[in-house]
Amino acid sequence: MRGRGGELLLKIFRQKKLLTQYEVAETLRISVRQYQRIESGRSFPSEFGLGKLEDLFKVPHRVLFAKSVDEIPDFLSDFLP
């Protein structure tokens, strides 16, 4: 499984939970535009945001911010979508 272009697996997890970018941005207390940059891999969340994303998706950030499952070590494979 790969994100399209430079997209991260974060987008796949968001879509699986049927959340909009707006809803996730609200949870992180950031603008939708800033969240779009994070989801596309052009920006990275704050420590607070990182923790919120891990809590929201119940997935370690190392999985959320991978561009493909090939980047995920075997010991984290249980977290794959």
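**Group meeting talk: an all-helix chain and its salt bridge**

Hi everyone, let me start with contacts: among those in the protein chain with a separation of 6 or more, 51% are between residues 24 or more positions apart. Please keep in mind that this is a predicted model.

So what is the chain made of? Its secondary structure comes to 5 helices and 0 strands, and if you walk along the sequence you read α-α-α-α-α. The C-alpha trace spans about 35 × 25 × 25 Å along its principal axes. For 81 residues, a compact globule would have a radius of gyration near 12 Å, and the protein chain agrees, with 12 Å. Of those 81 residues, 36% are buried. On the outside, the chain exposes about 5,000 Å², with carbon and sulfur atoms supplying 50% of that area.

Now, helix 1. How many of its residues are buried? The count is 6 of 8, so helix 1 is largely enclosed by the rest of the structure. If you want to find them on the screen, look for Leu-9, Leu-10, Lys-11, Ile-12, Phe-13 and Arg-14. And what do these buried residues pack against? Their partners are helix 2 (21–28), helix 3, helix 4 (47–57) and helix 5 (61–64). Just after helix 1 there is a small backbone detail to look at: Leu-18 has a positive phi of about 60°.

You may have noticed Lys-11 and Arg-14 in that buried list, which brings me to charges. The protein chain carries 14 positive and 11 negative side chains, and the centres of these two sets are 6 Å apart. Side chains of opposite charge can pair when their charged atoms come close. How many salt bridges does a search of the whole structure find? Just 1.

That salt bridge joins the side chains of Arg-14 and Glu-39, at 2.6 Å from N to O. Arg-14 sits in helix 1 (residues 9–16) and Glu-39 in helix 3 (residues 32–39), so the pair ties together parts that are 25 residues apart in sequence.

Are the two partners buried or exposed? The cut-off for buried is under 20% relative accessible area. Arg-14 has 8% relative accessibility, so it counts as buried. Glu-39 has 4%, so Glu-39 counts as buried too.

To pull it together: we have a predicted model with 5 helices, a first helix largely enclosed by the rest of the structure, and a salt bridge between Arg-14 and Glu-39. Thanks for listening, everyone!

How values were computed: Residues are numbered from 1 along each chain as its sequence is written. This is a predicted model: local features need pLDDT of at least 70, side-chain atom pairs count only at pLDDT 80 or more; totals for chains, interfaces and linings use all residues. Side-chain values use heavy atoms; hydrogens and water are left out. A salt bridge is a side-chain nitrogen of Lys or Arg within 4 Å of a carboxyl oxygen of Asp or Glu. Helices (H or I, at least four residues) and strands (E, at least two) are DSSP runs, numbered from the N terminus. Buried means under 20% relative accessible area, exposed over 50%, partly exposed in between (1.4 Å probe, protein chains only). The radius of gyration is taken over C-alpha atoms; the globule rule is 2.2 Å times the number of residues to the power 0.38. Contact means heavy atoms within 4.5 Å. Accessible areas come from the Shrake-Rupley method with a 1.4 Å probe; for residues, only the protein chains shown count as cover. Lys and Arg count as positive and Asp and Glu as negative; His and the chain ends are not counted. The place of a charge is taken as NZ of Lys, CZ of Arg, CG of Asp or CD of Glu.
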